[in-house]
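Trainee: Could you take me through one part of this model closely, setting out what each statement about it rests on?

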Amino acid sequence: MGGEIMNLIKVCLSVLSSLCYSYFIVSKIPKGKFRFISLLPIFLLFIALPLLLSSAILSGITAFFITWLATFRLALFSFDSGPLSSGPSKSLLVFIAVACLPIKIKPNQQQPSRRDHRDTPKLPINFAVKVFVFGVLVGFNQYKELVHPKIFLGLLCCQVFLFMEVLFSLCSALVRCATGLEVEQPSDEPYLSTSLQDFWGRRWNLMVTNLLRHTVYKPVKSAAETVVSERWSPLPAVVATFLVSGLMHELMFYYVNGVRPSWELTSFFVLHGVCLVVEVGVKSVFSGRWRLPWAASVPLTMGFVVATSFWLFFPPLIRAGADTRVMEEVKFLFEPMREKIPLLNTTMP
């Protein structure tokens with residue numbers, strides 16, 4: 001445990017020093033290829049840093065924050081684009097937060113707001129409920145051999161959703177407390193999605209959606225317009241965006257699992273990209289003349305997302321034992337709460 005903490009400290013110091021270099025030195029280099037080249041050592045470092053950690057949770061979170069978010073945002077920064085370049089000039093603290101945390105500062109905030117000492121930023125009202133339900137679901141993992149595999153996969157879906165919600169909420173609250181800036185919601189009730197376009201484009205993990213829009217979708221769309229008409233150029237851009245997302249998920253889970261990718265995760269995202277293209281095409285044919293009612297579109301959409309995740313997303317994680325490793329670490333984190341919450345004692349061994 002002591003060695004893992006020391007490695008985590010090394011990772012944090014490396015990230016902070018890299019972002020200070022980007023803030024004070026790289027920002028002075030003219031935008032374009034020279035600024036991008038100056039950031040190449042940082043990109044390589046951010047790819048290597050998660051490998052220093054043996055904890056599944058720490059390596060996974062570090063990979064997501066640094067290898068994915070920070071690397072992509074710094075790549076945009078090298079061309080004077082993206083959240084690190086947009087808006088008013090940023091302090092070092094805001095620059096670091098925007099670079100590597102799953103947040104998006106609300107627009108039109110010139111300066112951090114001055115808060116009264118009694119006006120403490122609060123987490124969403126349902127945050128405690130999400131943490132509690134997540135803890136209970138984690139405890140039920142010990143009974144996975146006794147339940148139907150599909151039921152276990154359903155619980156795993158809920159655990160992943162709640163874990164991401166709790167993590168994003170903590171990051172948002174940390175930024176509000178440290179900077180006084182308001183941040184946008186990372187997700188918007190994805191379980192109420194009425195279509196794949198609604199789920200991926202407007203509801204689930206909006207920080208990554210926005211990042212991929214600027215780093216993959218727009219460049220590919222612009223390139224495609226030189227080959228096909230503007231009407232059809234979004235189609236290859238959508239598939240390319242989902243392909244990159246799939247490859248990044250393969251990389252994230254490599255850090256967690258430590259096993260060679262099976263490409264099932266990439267297949268999951270490419271499948272959704274192709275289906276989204278078909279969905280957009282069908283919508284354009286009907287042109288709003290006919291639309292499924294909400295009571296039908298939500299179950300169909302979420303049913304497709306859940307069914308395909310059962311088929312392609314979760315199996316490689318379960319085969320590698322990543323779910324067991326993560327849940328054992330989560331149980332360790334919940335250990336101090338067991339005496340205060342009796343229900344956790346009944347669900348956790």
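Mentor: A residue counts as buried under 20% relative accessible area, as exposed over 50%, and as partly exposed in between. Asp-80, in this predicted model, has a relative accessibility of 42% and is therefore partly exposed. Asp-80 is located in the loop that runs between α3 and α4 (92-100), and its phi is near 60 degrees, a positive value in a residue that is not glycine. For background, most residues other than glycine have a negative phi. Trp-263 also has a positive phi, of about 70 degrees, without being a glycine; it sits in the loop between α9 (234-257) and α10 (264-286), and its relative accessible area of 47% makes Trp-263 partly exposed.

Turning to the helix that comes before the loop of Asp-80, the axes of α3 (residues 56-77) and α1 (residues 2-24) come within 13 Å and cross at roughly 10 degrees, and α1 and α3 are therefore roughly parallel to each other. In their contact, Glu-4, Leu-8, Val-11, Val-15, Leu-19 and Ser-22 of α1 meet Leu-58, Thr-62, Ile-66, Leu-74 and Phe-77 of α3, and these residues divide into 8 nonpolar, 2 polar and 1 charged.

The largest nonpolar core has 81 residues, among which Phe-46, Phe-65, Trp-68, Leu-74 and Trp-200 touch the most other members; the largest share of this core, 14 residues, is supplied by α3. Trp-68, once its neighbours within four places in sequence are set aside, is in contact with Ala-63, Val-208, Leu-211, Leu-212, Ser-245, Met-248, His-249 and Met-252.

Conventions:
Residues are numbered from 1 along each chain as its sequence is written. This is a predicted model: local features need pLDDT of at least 70, side-chain atom pairs count only at pLDDT 80 or more; totals for chains, interfaces and linings use all residues. Side-chain values use heavy atoms; hydrogens and water are left out. Axes are lines fitted to C-alpha atoms, for helices over the stretch in contact, and angles run from 0 to 180 degrees between N-to-C directions. Helices (H or I, at least four residues) and strands (E, at least two) are DSSP runs, numbered from the N terminus. Angles under 35 degrees count as roughly parallel, over 145 as roughly antiparallel, 65 to 115 as roughly perpendicular and the rest as oblique. Contact means heavy atoms within 4.5 Å. Ala, Val, Leu, Ile, Met, Phe, Trp, Tyr, Cys and Pro count as nonpolar, Asp, Glu, Lys and Arg as charged, and the others, Gly among them, as polar. A nonpolar core is a set of buried Ala, Val, Leu, Ile, Met, Phe, Trp, Tyr and Cys residues joined through side-chain atoms within 4.5 Å. Buried means under 20% relative accessible area, exposed over 50%, partly exposed in between (1.4 Å probe, protein chains only).
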